[in-house]
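Colleague: Got a minute to go through this one with me? I'd like to talk it over before I set anything up.

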Amino acid sequence: MQAFGDLLRKLVRSRESGVLAFLLLAFAVAAVLAPRFYSLQNLRNLLLDTPLVVTVGMGMTAVIVCRQIDLSVGSIVAVSGMVVGELYRAHPGLPTPVAMAAGVAVGVLLGMGNALLVTYLKVPSIITTLGTMSIYRGLAFVIGHGNQINPNDLPARLVSLSITSPIGVPFLALFALLIFVATHIFLSRSRWGRAVYATGGNPDAARLSGLSTNGIIAGSFITCGALAGLAGIMYASRFGFVNPAQTGTGFELQVIAATVIGGTQVTGGSGTAVGTLLGCILLAAIVNILTVAHLSGRWQLAAYGAIILVAIVADSAGRRQRVTVAA
Amino acid sequence: MKLKGIRWSHQFTLLLLIAVAFLVSVHMSRHFLDPAYLLTATTNFVETGLMALAMTFVILLGEIDLSVASNLALTAALSGVLWAHFGWPLPVACMVGLVVSAVAGLANGLLVTRLKLPSLTVTLGSMALLRGAAQVLIGNQSITGFPDWFAGVDQRVVGPFPAITLLLLVAAVAWWAVLTRTIRGRMTQATGANRAAARLSGISVEAITVRVFMVSGLMAGFCGLIMMSRVGAARWDMAQGRELDVITAVVLGGTDIAGGEASIPGTMLALILIAVMRTGMGLAEINPETQHVAVGILLAASIAIPNLLRMRNGQKAQPAK
């Protein structure tokens with residue numbers, strides 16, 4: 001019994017408990033306001049709305065834990081989607097794994113661009129990625145000569161990734177789950193994961209204790225880029241088209257919001273994959289509940305903003321309490 | 001090289017770039033030599049310029065305000081709705097809009113100072129919340145049909161000059177004077193350079209931060225009214241993404257994103273450079289996406305190249321923050 005009490009106390013005090021409480025609250029509100037939320041079809045929609053944000057959110061968590069930020073992910077999604085679309089247009093028979101590899105490769109290249117500017121040329125990441133957000137977006141236009149990738153350019157087997165898999169759950173959700181598990185193990189169990197936290201927590205101390213902070217920061221940007229590249233092909237599968245102006249616009253806001261709601265501090269050094277996953281689900285659930293409750297789409301953005309503010313204020317209050325308890 | 005020398009050379013670089021951009025623009029389109037056209041084109045950049053002045057102080061403090069463009073949209077939407085749907089007199093509706101924009105700025109400032117939250121996340125939240133509120137207010141419609149005295153502020157002229165362009169110039173001089181010639185301005189610089197030292201020397205760091213955020217909000221609201229008059233409509237999605245242009249102008253102008261160093265002339269020169277490039281490319285029928293690419297490269301290069309030169313001189317580059 002004592003052990004159970006300790007476990008419970010540990011759980012309540014953990015960083016993720018706040019967002020979990022919000023999530024349960026949202027599900028309870030949905031049960032009252034919009035019972036249709038629990039219909040199988042709707043839960044399935046929810047399962048399809050989260051994978052893209054989860055996938056990129058895992059990379060963003062690493063970047064933000066390193067005390068950096070990546071505003072260019074939405075544009076990377078667009079470039080990767082356009083490249084994959086053009087590949088399919090040229091070679092309709094392209095095997096899906098090859099197309100995915102191409103998307104990831106594009107993401108790695110663009111992530112390396114960010115990493116180079118931040119670590120070698122010492123341009124602060126908010127400036128770097130503000131710039132590359134525009135540059136990469138322009139690249140998406142150049143690749144397709146301003147045209148969009150239409151549904152008939154994309155093979156049916158790509159679209160089916162977001163519909164089914166051998167075990168019934170869409171492949172897209174499985175990819176996201178896999179990436180979440182890998183990130184969780186990497187950040188919380190591996191030596192490199194600890195180095196990421198050390199770099200964000202105190203870069204000078206990390207460098208003086210022999211860590212290659214530049215290498216770790218570069219690695220996090222490249223990983224984030226690679227995952228955004230993967231999200232590009234996931235976008236093509238989920239929505240059946242890629243538009244150079246529309247695809248991924250405002251996506252960086254969603255991803256950063258989900259990461260921050262999940263308790264990752266933009267001041268670096270703290271944050272978990274579990275928190276980000278919960279943040280992603282919470283954001284998607286809120287949007288979904290608004291839709292099901294027939295509150296028109298015009299409430300969505302305001303709800304996003306309100307929930308970001310509530311989450312960071314609650315997290316700050318919780319942190320102060322935790323500090324008091326420790327003292 | 002002393003720091004003062006670097007700043008001077010940065011502004012000199014901007015002047016050179018403006019000259020180059022001007023010559024290229026003239027080469028691409030003859031219209032660019034028409035002074036009347038150029039003077040009219042300046043009115044497109046007044047809102048960005050005014051918000052960049054306020055943003056220079058925000059970034060000087062080492063903070064950031066991502067919510068300015070959303071605040072602009074909310075002020076326009078709120079004033080427009082009060083006037084069009086509730087029948088309020090337009091001046092009163094505009095005053096209410098301005099008050100709300102200042103309150104939104106105040107709220108940002110209080111969250112940053114009282115709860116010690118990073119301004120990046122606070123204003124990321126208010127960026128979504130304020131634009132979302134504008135969307136809740138007017139949905140997908142536009143509010144138009146403003147009375148003659150209000151509409152078309154960009155067409156008012158003083159001599160050959162558009163009135164709002166002159167307003168921007170006056171505001172720039174005023175901001176420069178406040179920053180460099182008043183005690184408050186020096187205190188703001190001191191706060192940005194070293195917060196702890198500023199606090200220990202008796203400066204109310206929190207009060208300064210709150211005030212700077214409030215001015216940033218109020219200025220955004222004021223720009224909302226200008227834009228509503230200029231384009232003759234209020235919409236929830238007006239000036240979407242404009243915060244990036246504003247921040248680009250400030251950082252390109254030589255203000256250190258980490259705080260402590262700011263230059264109003266630099267911000268204005270950077271604004272002129274962006275304006276010449278965008279107007280020139282627009283005349284040459286280069287699409288907006290390519291224009292974004294050029295401005296993005298400019299932004300990254302404006303910090304990367306000086307760092308590269310400093311490294312070649314064997315000095316340490318400014319550390320990334």
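**Confidence, fold and contact**

Modeller: Sure, and keep in mind that this is a predicted model. For chain B, 95% of the residues reach a pLDDT of 70 or more, and the chain's mean pLDDT is 90.

Colleague: What ipTM does the model score?

Modeller: There are two scores for the model as a whole. The pTM is 0.88, and the ipTM is 0.86.

Colleague: On to chain A: how many helices and how many strands are there?

Modeller: Chain A has zero strands. What it does have is helices, and they number 15.

Colleague: Why call chain A as compact as a globular protein of its length?

Modeller: Start from the globule rule, which gives 20 Å for 327 residues. Chain A comes out close to that, so it is as compact as a globular protein of that length. Its C-alpha trace spans about 65 × 55 × 35 Å along the principal axes, and 52% of its residues are buried. The radius of gyration behind the comparison is 20 Å.

Colleague: Which element gives the largest share of the side of chain B that touches chain A?

Modeller: The contact takes 37 residues from chain A and 41 from chain B. On chain B's side, the elements giving two or more residues are helices H6 (119-138), H11 (242-252) and H13 (288-312). The largest share, 14 residues, belongs to H6(B).

Colleague: And how many nonpolar residues are on that side of chain B?

Modeller: Splitting the side that touches chain A by class, three residues are charged and 11 are polar. The nonpolar count is 27.

Technical notes: Residues are numbered from 1 along each chain as its sequence is written. Chains are lettered from A and ligands numbered from 1 in the order in which they are written. This is a predicted model: local features need pLDDT of at least 70, side-chain atom pairs count only at pLDDT 80 or more; totals for chains, interfaces and linings use all residues. Two residues are in contact if their C-beta atoms, placed from the backbone, lie within 7 Å. Helices (H or I, at least four residues) and strands (E, at least two) are DSSP runs, numbered from the N terminus. Ala, Val, Leu, Ile, Met, Phe, Trp, Tyr, Cys and Pro count as nonpolar, Asp, Glu, Lys and Arg as charged, and the others, Gly among them, as polar. pLDDT is the predictor's confidence in each residue, from 0 to 100. The radius of gyration is taken over C-alpha atoms; the globule rule is 2.2 Å times the number of residues to the power 0.38. A residue is buried if 20 or more other C-beta atoms lie within 10 Å of its own, exposed if 12 or fewer, and partly exposed in between; C-beta atoms are placed from the backbone.
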